[in-house]
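Let us walk through this protein from its overall plan down to single residue pairs. Keep the sequence and the 3D view side by side as you read.

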Amino acid sequence: MSANRNNNALKILIGILFFLLLGLGVYTYSFYQELSANKVALSEEKLLLQNELSDLLVTYNSEIESSKLMSKELREARSRIQNLLTRLENSTTSQTTIQNYRRELSILRNERDVLRKKTDSLMLANALLVSQKTTVEAAFDQSVVQLDSLQVQNNTLKDDLAKGSQLTVSRFTSAGVILRRSGKRLPNDRANRIDKLEICYTVNANEYARAGDHDFYIQVIDPRNNVMGERISLAFGENILIYSTYQEIAYQNEEVESCVLINPAIDEFLPGIYRINLFENDRLLSNSVLELE
């Protein structure tokens, strides 16, 4: 009886041990499967982190090449990404390690967003400055054009004023005359009858002209192309004027009439064409032609 009870107890104990071993085997197998799955998941997570860091690194490289704005800050951020990627590649794979690297990647992404906004803001400000610079340059060019136009107008006005202030003459006449003892002058166009040539002209009124003494020179050229009268040479710069007679007229911006008599070069005048020129200094004011028979 006692032996039977011992055998039954042994069988029960063996059964219990079998089930315990079976349960332990099942648990061990399940634990191994779970561990293998976690290892694969961690490897995939590590690879995903590496790819994300590589993509972020490519983005920084592209921005550094395409923009000179904030290049120092961009390069420093890129250096931190490269350092994190190197540490990730050389690290052991664990849940804690992956979590730490994931936090660092999140920080780098936030930093990337901040830098992008800052870069976009600087690019917008730079574009605005370029636009303003272009506008200012265009306005400056327009001002230069207007200034040139005003300068041209000013020079034109100066030229017009200079021309407007110059003296002019009218009623410029010449004739052969016979002088009577009474002083009366009788016009005549026969060379062998006349005593002198009378040349008359009127200096016109001009309120813009210089008041005061003005020098006028009369030049008479006879039919033989010789200058008659005093035949005095006068230099005006590179120009030489040979004149027949000279008059100084006191001009007060009002009309002035003047006449002058020219003696013959020899005992009497020659028949033919006489050319008469009137100058103020070396500026030709008027000319005329006289023919004597």
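A disulfide is counted here when two cysteine sulfur atoms lie within 2.5 Å. The model is predicted. A search of the whole structure with that cut-off finds one disulfide. Which residues does the disulfide join? It joins Cys200 to Cys259, with an S to S distance of 2.0 Å. That distance is within the 2.5 Å cut-off, so the pair counts. The link of Cys200 and Cys259 is right-handed, with 115° about the S-S bond. The pair links distant parts of the chain. Cys200 sits in strand E3, residues 196-203. Cys259 sits in strand E8, residues 256-262. The two cysteines are 59 residues apart. A disulfide is a covalent bond between the sulfur atoms of two cysteines.

Are the two cysteines buried or exposed? Cys200 has 14% relative accessibility, so this cysteine counts as buried. Cys259 has a relative accessible area of 41% and is partly exposed. The cut-off explains the first label: buried means under 20% relative accessible area. The second value falls between the limits, because exposed means over 50%.

Now step back to the overall plan. The protein has three helices and ten strands. From the N terminus on, the elements run α-α-α-β-β-β-β-β-β-β-β-β-β. Of the 293 residues in the protein, 28% are buried. The accessible surface comes to about 20,000 Å². Carbon and sulfur atoms account for 54% of that surface. Contacts also say something about the chain. Take those between residues at least 6 apart in sequence: 68% of them join residues at least 24 apart.

Next come the strands. Strands of a sheet pair through backbone hydrogen bonds, either parallel or antiparallel. In what order do the four strands of the open sheet run? The order is E7-E4-E9-E10, and the pairing is antiparallel. The edge strands are E7 and strand E10 (283-292). Each of these edge strands pairs on one side only. From one strand to the next, the twist averages 20°. Inside the sheet, E4 and strand E9 (residues 272-280) pair in the antiparallel sense. Six bridges hold that pairing in the count. To find one bridge in the view, start at Ile221: its bridge partner in E9 is Arg275.

Charged pairs are the next stop. Side chains of opposite charge can pair when their charged atoms come close. How many salt bridges are there? The count comes to five. One of them joins Glu255 and Arg171, with the closest N and O atoms 3.1 Å apart. Glu255 lies in the loop between strand E7 (245-251) and E8, while Arg171 lies in strand E1 (residues 169-179), so the pair ties together parts that are 84 residues apart in sequence. Glu255 has 47% relative accessibility and counts as partly exposed. Arg171 is partly exposed too, with a relative accessible area of 48%.

Arg171 has a further partner. Glu257 forms a salt bridge with Arg171, and here the closest N and O atoms are 3.9 Å apart. This pair also links distant parts of the chain: Glu257 is in strand E8, Arg171 is in strand E1, and they are 86 residues apart. Glu257 counts as exposed at 61% relative accessibility.

Another salt bridge is formed by the side chains of Arg185 and Glu198, at 2.4 Å, N to O. Arg185 lies in strand E2 (residues 185-187) and Glu198 in strand E3, so the pair ties together parts that are 13 residues apart in sequence. Arg185 counts as partly exposed at 36% relative accessibility. Glu198 is buried, with a relative accessible area of 18%. Salt bridges that share partners also join Arg171, Glu255 and Glu257 into one network.

Finish at a loop residue. Ala209 lies in the loop between E3 and strand E4 (212-221). Is Ala209 buried or exposed? At 8% relative accessibility, Ala209 counts as buried. Beyond residues up to four places away in sequence, Ala209 touches Ser165, Leu167, Tyr251 and Asn253. Tyr251 is 42 residues from Ala209 in sequence. In space, the two are 9.1 Å apart, C-alpha to C-alpha.

Definitions and conventions. Residues are numbered from 1 along each chain as its sequence is written. This is a predicted model: local features need pLDDT of at least 70, side-chain atom pairs count only at pLDDT 80 or more; totals for chains, interfaces and linings use all residues. Side-chain values use heavy atoms; hydrogens and water are left out. Buried means under 20% relative accessible area, exposed over 50%, partly exposed in between (1.4 Å probe, protein chains only). Contact means heavy atoms within 4.5 Å. Accessible areas come from the Shrake-Rupley method with a 1.4 Å probe; for residues, only the protein chains shown count as cover. A salt bridge is a side-chain nitrogen of Lys or Arg within 4 Å of a carboxyl oxygen of Asp or Glu. Two strands pair if DSSP finds at least two bridges between them. Axes are lines fitted to C-alpha atoms, for helices over the stretch in contact, and angles run from 0 to 180 degrees between N-to-C directions.
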